[in-house]
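User: Please take a close look at one part of this protein for me. I would like the part placed in its surroundings, with the whole chain as background.

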Amino acid sequence: MTLKTTRLTVAQALVRFLAAQYTERDGARQRLIGATWGIFGHGNVAGIGQALLEHTEEMPYHQGRNEQAMVHAAVGYARQSGRLSTHAVTTSIGPGATNLVTGAALATINHLPVLLLPGDIFATRPADPVLQQLEVPYAGDVSVNDCLRPVSRYFDRITRPEALIPSALNAMRVLTDPVETGAVTLALPQDVQAEAYDWPEEFFAERVWTVRRPGADPAELAEAVRVIRSAKRPLVVAGGGVHHSRAEEALAEFAEATGIPVASTQAGKGSLRHDHPQDVGGIGHTGTATADELARTADLVIGVGTRYTDFTTASGTLFSHPDVRFLNLSIASFDGHKLAGRPLIADARTGLEELTERLAMHGHRVAPSYATEYSEDKERWEQRVDACYEVDEPDTRPTQPQVLGALDALVDESDILINAAGSLPGDLHKLWRTRSRDQYHLEYGYSCMGYEIPAAIGVRMAAPDRPVWALVGDGTYLMMPTEIVTAVQEGIAIKVLIIQNHGYASIGGLSESVGGERFGTAYRHPSEDGSYTGPPLPVDLAANAASLGMRVLRAKTVRDLRQALAEARAAETPTCVYVETQTADTVSGAPPAQAWWDVPVAETATRPSAVKARELYERHVSTRRRHL
């Protein structure tokens, strides 16, 4: 029997293969690679570029302006799609490829799938070196693409056509594995991309990758039930794994059945609606007073799909009960064993359902006094949120919390908010009232400035009928506004809210707290002493956004802001709202941090601010503990 083959180039075969890959979970099936983003140059224009042109019906193409931003857009799409679908990204060799590194790191750290297809130098080396080639005297097989290895969950360089078959299958395996997923890189030498090969037709057959929901080991489950039943002050810490697993309903049922309060990380916020009786808000350095006080007194912390980053644990100082223990429900063994916790290795939804069922057999529920305590504390915190949002005079310039309050009064559960860096993550984690499981889209695993606008494009592609807001400060906006052009080109009606506070507000505050005196954090003219403390720069970000094709609404007061936000929300074209806020150094904003974060302070210094900051630092460090 003769094996049926089709003669195609490597690039053509790869595009056709990707178009036939699907995922399936809970009986729902969708394409794994929904589209390909690309910026073309030597290294991919004659290979992948030609293949995408030839297969436009099978593989949609989107034109990007910045390679890092294309990855962010793909990641935004993947997160909104529940990690069941993502995009591919192709670039030229050299700087086009190295521009992928930041986006790849973001994807991998956040466990979000994205397929990277950078061009590479000639495999056959007919000319050596070629344009943009890194010459390494001790190794002939190294290119700049090797810098993608540490930030990729799978990496391969396709130096022969037939090598694509096992490599492509491995790439799909990693992309669809809920434990292993992240950035996957297939480096494609430009000559190999254009080389023809007789491909077995089976390579192009539709292939479905089942996304698993493993249950818990019976012994681990029994131990988890015993530990929960013996705890008097348990607290759930909900992480991003709750959303990845679509375990929000299972978490709500668990919390309602047991009365155990639920705090959330940045990635896990929205696991419960803000008005759910057991929701106590964000936890950690950017968390609420309610959640952080519960964390300090908890004798059992039940982590669900969380990595326990330093913001969540307040750099090891938050969980201070002398007998505190950890129970970690995670699909990843690596995270399940953190903080010397008892692991419960399972899919978040499956594990929560099993716990709820077992605990119901015992009629287990926390003491009424504990529920009353956290409910009353939550009400007090809500009053603080109201105070932050309150506006006495609507014809004045707003504070940043008042900007969030104006947006809070406008949106409903269909809106999606995207943010990643600056002072906004802290304010949002403390103050935002999340109305749906996917409304709160904070990229805080890598906290990458410039993520918001391209990610909003990807999210809107995955949720075309929902209002999608990119919330950015002026520092973040200046990092990467280029994809506004893409939104305009493709008619993707994102809403960009630019909050102008003339500098890096978050790092400015941090600098002040560690004795840095806000050095180098303001966008101002230099003063005579060389410090940047002069007048604000005459930069007009609204005009910049308009020059890129976006409709811009300027708001000078709270009253203007309310009107502009409503107009932007109703808009069917890309629209920007620009507002200048009262700066953090002249007006009180959101409540201060409710827990510590370790940023080392100079051990020796001459300036009084640094000496004082070091004294405070040493007091905090002394409270750190290693949970064993």
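The part I have in mind is the loop residue Thr288 and the helix that comes after that loop. Where does Thr288 lie, and is Thr288 buried or exposed? Which residues of α11 are buried?

Analyst: A word on the source comes before the answer. This is a predicted model.

Start with Thr288. It lies in the loop between β14 (279-282) and α11 (289-297). Thr288 is buried, because its relative accessible area is 2% and the cut-off for buried is under 20%. Its contacts, leaving aside neighbours within four places in sequence, are Val280, Gly281, Gly282, Trp381, Lys430 and Gln594. Val280, Gly281 and Gly282 carry numbers that fall within β14, residues 279-282. Trp381 carries a number within α15, residues 368-389.

Now the helix. The buried residues of α11 are Thr290, Ala291, Asp292, Leu294 and Ala295. What covers them includes β12, β13, β14 and α15 (368-389). So β14 borders the loop of Thr288 and is also among the elements that cover α11, where the cover is counted by heavy atoms within 4.5 Å.

Helix α10 shares some of these neighbours. It spans residues 248-258, and its buried residues are Glu248, Ala250, Leu251, Ala252, Phe254, Ala255 and Thr258. They pack against α8 (218-230), β12 (234-238), α9 (240-244), β13 (262-264), β15 (300-304) and α14 (348-361). Strands β12 and β13 thus appear beside the buried residues of α10 and also in the cover of α11. Just after α10, Gly259 takes a positive phi of about 75°.

Other buried spots help to set the scene. Take helix α1, residues 10-18. Eight of its nine residues are buried, so α1 is largely enclosed by the rest of the structure. They are Val10, Ala11, Gln12, Ala13, Leu14, Val15, Phe17 and Leu18.

Ile418 is a case in a strand. Its place is in β18, residues 416-419. It is buried, with a relative accessible area of 0%. Leaving aside neighbours within four places in sequence, Ile418 is in contact with ten residues: His441, Tyr451, Glu452, Ala455, Ala456, Val459, Val468, Trp469, Ala470 and Leu471. One of these, Tyr451, is 33 residues from Ile418 in sequence. The C-alpha atoms of Ile418 and Tyr451 are 8.7 Å apart.

Next, the cysteines. A search of the whole structure finds zero disulfides. Cys576 is in no disulfide, and the nearest cysteine sulfur, that of Cys448, is 20 Å away. Cys576 counts as buried at 0% relative accessibility. Cys388 is also buried, with a relative accessible area of 13%.

Some backbone details are worth a check on the display. Most residues other than glycine have a negative phi, and most peptide bonds are trans. Asp26 has a positive phi, near 55°. It sits in the loop between β2 (21-25) and β3 (28-31). Arg125 also has a positive phi, near 55°. Its place is the loop between β7 and β8, and Arg125 counts as partly exposed at 43% relative accessibility. That loop, between β7 (114-120) and β8 (154-157), also holds Pro129. A cis peptide bond joins Asp128 and Pro129, with omega about 10°.

Last, the whole chain. It has 24 helices and 23 strands. Its radius of gyration is 25 Å, close to the 25 Å that the globule rule gives for 628 residues, so the chain is as compact as a globular protein of that length. The C-alpha atoms fill a box of roughly 75 × 70 × 55 Å along the principal axes. Buried residues make up 58% of the 628. Among contacts with a separation of 6 or more, 77% link residues 24 or more positions apart. The chain exposes about 25,300 Å², and carbon and sulfur atoms supply 51% of that area. There are 59 positive and 76 negative side chains. The centres of the two sets lie 3 Å apart.

Back to your part: Thr288 is buried at 2%, in the loop that leads from β14 to α11, and α11 has β12, β13, β14 and α15 among its cover.

Methods. Residues numbered from 1 in each chain as written. Predicted model: local features only at pLDDT ≥ 70, side-chain atom pairs only at ≥ 80, totals over all residues. Heavy atoms only, no water. Helix = DSSP H or I, 4+ residues; strand = E, 2+ residues; numbered from the N terminus. Rg over C-alpha atoms; globule rule 2.2 N^0.38 Å. Buried < 20%, exposed > 50% of the residue type's maximum accessible area, 1.4 Å probe, protein only. Areas by Shrake-Rupley, 256 points an atom, 1.4 Å probe, with all protein chains shown as cover. Lys, Arg positive; Asp, Glu negative; His and termini not counted. Charge placed at Lys NZ, Arg CZ, Asp CG, Glu CD. Disulfide = S-S within 2.5 Å.
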